[in-house]
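Trainee: Could you walk me through one part of this model up close? I'd like to look at the sheet and whatever sits around it.

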Amino acid sequence: MSHLPWEICVTLLSLFALLATANCVLFIKMRYFAGSDDTLIRHRIRTWWALAAIFSLALCISPRGGVVFFGFISFLALKEFLSMSPTRRADRRVLFYAYLSVIPQYYFASTDNYQMFLIFIPVIMFIWLPTRMWMIGQGDGFEKAAGTLLWALMITVYSLSHTAYLLTMPLDLAVSNGRSVATGIVDQHSGPGLLIFLIMMAETSDIFQYATGKAFGKTQVSPSIAPGKTYAGLIGGILLTTCFAGVVGPLITPMDITHSFIAGFMIACVGFAGELCICALKCDLKIRNFGATLPGHGGVLDRVGNLIFSAPLFFHFIHYCYHQ
Amino acid sequence: MNQLLRIAFFALIVRPLMMIVLGTNVRRSELLPTSGPAIIVANHNSHLDVFALMNVLGLKRLPIVRPVAAADYFMTRRLRCWFATRIVGIIPIDRSKIRRENGKHPLDPISEVLQEDGIVLLFPEGTRGEPEKMDEFQSGVAHIARRHPDIPITPVFMHGLGKALPKGEALLVPFFCDMFVGKPLNSQLKKRELMNQLNSSMDELAAELPMEAWN
């Protein structure tokens, strides 16, 4: 556990404390205000417990543990995507290669192989999968099949793998202008902090959006795709997340307050865009959610929607600012 | 049956396979029979169907679960025969023998299991056939219902495993398996009415899926 700075340990412990509080509140509510059906929220909190426990355990073992955790998440998300969208019977072998690509992609992330990490899916798989498809010799439905598969790989494997790379990317803190390295976070120890910052901002922006949307929401952003999302919620979510990022960023990451504000703002904005993308996808496939892997939440893809755009963007923001 | 080896196989191989590589989305698993005697009827796309169903039924019910399978396919090779009877615990029925032989009705082995409070799994399509396409159900289930009019018949619609491992393929590709459980059928009906009820129940369950052609 020595590789985890104490700020990260405190953050993880306060997360568990928060979950325990949620459990207590729910228990009191069930005890004294019986009547309403709390099954969904109960399942939801239980799933959060499981996710937080597995994630913390993976981080405690080593940064590589986190890489394996996100590799598995990617595999599950890809499986959900391909199970729900129409695929061609002839493409079974191609799909097999798509699944296999999870392993090299996360291997490159874990070994800090920046070049290969960047090109493996957008260049190598981009060449190989359609090539394997024409080799099969079925022209019917080629466009749809190739498009669907490559997009599936981009959002479930390529995008999400940036979360894992955050863990292993060495930073050059001298590059960050005017930043004192007094917090005790140096070099590769900043990975867990950056990752937790990203996930925390993505999830809290969800909560802030929901809260402000409930309080002030009137006009819907996109009535036919996501009826629950309102402009008030969107703006409130972005503002509150940006403020929250300004507080949390300097504490657990090597970012200064300006960079934290920018990062929080970006994560909230593109997190929303990613979420709506998944909603549009579900609309098109005529499904309510992507499965039942996470009881109370639906599938894995329902949960990681706000990470699919924010993970690569935040990763490159950090890389641009703090990598030589 | 080798009960110990059977439990080990399902706990150590089938369960991780179903949980990690494939994955099942079950709707209304509470409608599955908790104890025998009972009959579960499902459509058939892949060899994996039986493992997925038995995995969902769980290790507790495993000792009493017996799938009905074709003797003319599973009993031909020695290793396959050993695996099918000892580990999976099939009730072998010969698809080509449809008349009484030596005073024994071909469905008698199923009746014996039901009398011992077993849960019988039945795939009335009779074959895996074209993956993810439902063939017409054979009426064997109606004959069993006539012999045991008080035993519930639970329909289960399965989708997805035909994509993971279709007939004639050896490469397993991960896909989620949907499993929709329906309300138990009225097993006291006559043959034709029972088959109608089964068919309409299956169609209803299949309609829960945003259907996609797979070709």
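Mentor: Here is the sheet in chain B, followed by the core and the chain contact. Before that, some ground rules: this is a predicted model, where local features need pLDDT of at least 70 and side-chain atom pairs count only at pLDDT 80 or more, while totals for chains, interfaces and linings use all residues. Residues are numbered from 1 along each chain as its sequence is written, and chains are lettered from A and ligands numbered from 1 in the order in which they are written.

Okay, the sheet. Chain B has an open sheet of 7 strands with mixed pairing, in the order β1-β7-β6-β2-β5-β3-β4. Strands here are DSSP runs of E, at least two residues, and helices are runs of H or I, at least four residues, numbered from the N terminus. Two strands pair if DSSP finds at least two bridges between them. At the edges you'll find β1 (24-27) and β4 (91-93) of chain B, each pairing on one side only. From one strand to the next, the twist averages 25 degrees.

Now zoom in on β2 (residues 38-42) of chain B. It runs parallel to β5 (residues 119-122) of chain B, and 4 bridges join the two. One bridge partner to click on: B:A38 goes with B:I119 in β5(B). Helix α8 (residues 191-207) of chain B packs on the sheet, touching β2, β6 (153-159) and β7 (177-181) of chain B, and its direction makes about 40 degrees with that of β6(B). For such angles, axes are lines fitted to C-alpha atoms, for helices over the stretch in contact, and angles run from 0 to 180 degrees between N-to-C directions.

Next, pick B:I40. Leaving aside neighbours within four places in sequence, B:I40 is in contact (C-beta atoms, placed from the backbone, within 7 Å) with B:L53, B:I119, B:L121, B:L122, B:T154 and B:V156. Along with A:L198, B:I40 has the most contacts inside the largest nonpolar core, which has 130 residues. Such a core is a set of buried Ala, Val, Leu, Ile, Met, Phe, Trp, Tyr and Cys residues joined through C-beta atoms within 7 Å, with buried meaning 20 or more other C-beta atoms within 10 Å of a residue's own. Helix α7 (residues 142-168) of chain A gives the most to this core, with 12 residues.

Last stop, the chain contact: 17 residues come from chain A and 12 residues from chain B. On the chain A side, α3 (63-84) and α4 (92-100) each supply at least two residues, and α4(A) has the largest share, 5 residues.

Terms used:
Two residues are in contact if their C-beta atoms, placed from the backbone, lie within 7 Å. A residue is buried if 20 or more other C-beta atoms lie within 10 Å of its own, exposed if 12 or fewer, and partly exposed in between; C-beta atoms are placed from the backbone.
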